[in-house]
Amino acid sequence: MPHRADPRDWFLSREERGNGSTRVDDAHPDAAFSTANRVRALVHGRTYFAELMRCVEAAGEGDLVWFTDWRSDPDQRLGDEPGSELVEVLGRALDRGADVRALVWRSQAAAMGYAHQEHRDLGDLLQERGADVQLDMRVTRAGTHHQKFVVVRHRDEPARDIAFVGGIDLCHGRRDDALHGGDPQTLHVADEYGERAPWHDVQVALQGPVVHDVETVFRERWEDSSPTTRHPWRRLRDARADLDGARSPLPPQAPPPPPAAETADDTGTDTDTGHAVQLLRTYPVLGTGWAFDFAPRGERSVARGYTKAVKHARRLVYVEDQFLWGHEMSTVLADALRAQPGLHVVVVLPQHPDQDGWFARDPQVLGRLRGVQRLLLEAPDRVAFYGLENHAGTPVYVHAKVCVLDDTWASIGSDNFCRRSWTNDSELSAAIIDRGATEGRAGFARRLRLTLAAEHLDRLDPDELTSVDDMDDAGLLEVMADCVDPGDMFARFAESADALDAWHDGGRAGPRPPGRLRRLPEPRLPLARQLLAVPSYRFLHDPDGRSWRMRRRKTF
């Protein structure tokens, strides 16, 4: 059983957040987290988009629909039917009187593969309908706005307020499901993933006081006094299209929503029926003469939050991530493995980089090599790396950003295990602690781990793999009884992957073994290509957004 954790032990304090200029914790001044929330993990883009559309379609006069994104495609369908396109769903909310606003990363040049024109199109289309859209370029030279969240607040029914946080963009390629056939509106990635890339992802739905905190993250960026771009030509062009820095004022912020779960504890911590949630963020040090009002020295609470929480892990660190790059990031896990001889680490990653061509691939392979080798050298028998494939044998692109520690602390967000996410880009993650795990109740973190494991091991009907909160705990614990113990799950993953690898190696003769896990071979790159990849890796793929002093001290 997971032990009944005190969130104050695992979460950052206000001082440990390291950013005295933010308002994100003002609604709970005695702690850097909120309590009495309800948290649901939404596994896969199809599940998230359906839930998002339902909530936006219910927004009306005086309600708020605010979102940020790394990439948004105006024609991306949130459902199967015509009229479910993102711009149409938001347009109908505007027609009903909702306040719709967006902070979308402007992106670098389209020639670099980014969605520059799609973001301008989204802004133009929504502005025509009455929304306020800002193309935000307040980033470092090689940085991005990588936060992906939506806030829906109801003027007259705050108990219905909800926020969505995670790694799923409102764009093509994301609306996949547990069968992993890919989004019908495909987005090409590397050739190994086929014409319609299978996509594995997770978002989290938050209800309760934490919605106020997520809204504050949006408000801080919107109300920041710095211009959305420093480029004179871009500012002139945006002004002509009403996509300039003249952001319309926000309405006064309503109080936090009521508790989504009753608490019977007057100590400020959650009880059996509620989730404690801490928002972790990354903002870079922008540079001389340019700084965020709410984070003048940046914020690295993602890095600090992970570093603190991992030190408490004793049995299992379970990670699903798009990247695990670099010496510094893997050192956090290596230190934990050294300190705890009973600790195991399981990491699910993409089988292949997301881009073709050596210029893009070699830096990604170099980053993974630096991260993976460090862990294998530390504890080769207690570390395992896996990729995923669908039943047709096509690799599944793992875009999820999930971490579960000892079935007690879990995080779902936009950040990856790399220096870029921990220091350079804007990021937002929700760390969750549920103290309600009992003999018959899994608790949020364990339920999340076992649900993801059930999919990867082919233990449940894909139609059931939607919302972790909707699943029956007793049934899940029964079906996954041989994985409840962390050490047992480590063994089951190995057995499943080895069987599937042997089937492939044997020419796919006979019935395909159940499961989707494939062992990832240790990454290799000739020394000469490593040297050639270093500049691109260091300055483009995995830049460092810290001050020079922090870099020298190797601190966050």
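Here are two short exercises on a predicted model, each with a worked solution.

Ground rules: residues are numbered from 1 along each chain as its sequence is written, and side-chain values use heavy atoms, with hydrogens and water left out. Local features need pLDDT of at least 70 and side-chain atom pairs count only at pLDDT 80 or more, while totals for chains, interfaces and linings use all residues.

**Exercise 1.** Work out which strands pair with β2, and in which sense.

Solution. Start with the element itself: β2 covers residues 64-69, and strands here are DSSP runs of E with at least two residues, helices runs of H or I with at least four, numbered from the N terminus. Two strands count as paired if DSSP finds at least two bridges between them. β3 (residues 99-105) passes with six bridges to β2, in the parallel sense; W66 has R101 as its bridge partner there. β5 (residues 149-153) is antiparallel to β2 over five bridges, with V152 opposite V65.

**Exercise 2.** Decide whether the faces of β2 are buried or exposed.

Solution. First, the cut-offs: buried is under 20% relative accessible area, exposed is over 50%, and partly exposed lies in between (1.4 Å probe, protein chains only). Next, split the residues by face, because side chains in a regular strand alternate between the two faces of the sheet. One side of β2 carries L64, W66 and T68, the other V65, F67 and D69. Each of these is buried, so both faces are covered. That fits the tally for β2: six of its six residues are buried.
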